[in-house]
Amino acid sequence: MYELKVESSFSAAHHLLNYNGECENQHGHNWKVEVYAKGNMLDKANLLIDFKVLKRELNIVLNLLDHKDINTLKEFEGISPSSEILSKFIYKKLKEKIPQISKVSVWETEKACASYFEEQ
């Protein structure tokens, strides 16, 4: 089994719904995103996925979020856009293009992250 990981980041504002505390107020993060891909089969160049392709597809998804108020995006209408929800959103969007995606982690600080993956 092979595993790849790429990292990128985006900056955006959000506020949590149904939350009693400071995070119910609008605030921003510089989120770091880690994307993992797994698989057994390599291509003719002995690559699972070209890193350029993985990074390009990740940046396409992150551009949907970057420098936005996430709460105002239609994909998050009525949903509390927590790091957990953002990791799932990014995972699902990437999985549409790259079936080998296995996990997405979204770091809202350097010491706190949420990850989404699906049981195999």
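## Salt bridges

Glu-7 pairs up with Lys-5 in a salt bridge, and their closest N and O atoms sit 3.2 Å apart. Keep in mind as you look that this is a predicted model. How exposed are these two partners? Glu-7 has a relative accessibility of 41%, so it counts as partly exposed. Lys-5 comes out at 37%, which makes it partly exposed too.

How many salt bridges turn up in a search of the whole structure? The answer is five. Another of them links Lys-32 to Glu-34, with 3.7 Å between the closest N and O atoms. Here the two ends fall into separate classes: Lys-32 is partly exposed at 32% relative accessibility, while Glu-34 is buried at 7%.

## Neighbours in the chain, and a network

Next, take a look at Glu-57 and Arg-56. They form a salt bridge as well, and the closest N and O atoms are 3.3 Å apart. Glu-57 has 12% relative accessibility, and because buried means under 20%, Glu-57 counts as buried. Arg-56, at 45%, is partly exposed.

Now back to the pairs from the previous section. Which residues are joined into one network by salt bridges that share partners? They are Lys-5, Glu-7, Lys-32 and Glu-34.

## Ser-83, tucked into its surroundings

Ser-83 belongs to helix 2, which covers residues 83–97. Is Ser-83 buried or exposed? Its relative accessibility is just 5%, so Ser-83 counts as buried.

So what does Ser-83 touch? Leaving out residues up to four places away in sequence, its contacts are Trp-31, Val-106, Glu-108 and Ala-114. Two of these residues also have polar contacts with Ser-83, side chain to side chain. With Glu-108 the distance is 2.7 Å, and with Trp-31 it is 3.5 Å.

## Asn-46, out in a loop

For a residue in another setting, find Asn-46. It sits in the loop that runs between strand 2 (27–39) and helix 1 (51–63). Its relative accessible area is 58%, and since exposed means over 50%, Asn-46 counts as exposed.

You can also check a distance from here. Asn-46 and Lys-74 are 28 residues apart along the chain, and their C-alpha atoms are separated by 40 Å.

Terms used: Residues numbered from 1 in each chain as written. Predicted model: local features only at pLDDT ≥ 70, side-chain atom pairs only at ≥ 80, totals over all residues. Heavy atoms only, no water. Helix = DSSP H or I, 4+ residues; strand = E, 2+ residues; numbered from the N terminus. Buried < 20%, exposed > 50% of the residue type's maximum accessible area, 1.4 Å probe, protein only. Polar contact = N/O pair within 3.5 Å; in protein donor to acceptor, adjacent residues only side chain to side chain. Contact = heavy atoms within 4.5 Å. Salt bridge = Lys/Arg side-chain N within 4 Å of Asp/Glu carboxyl O.
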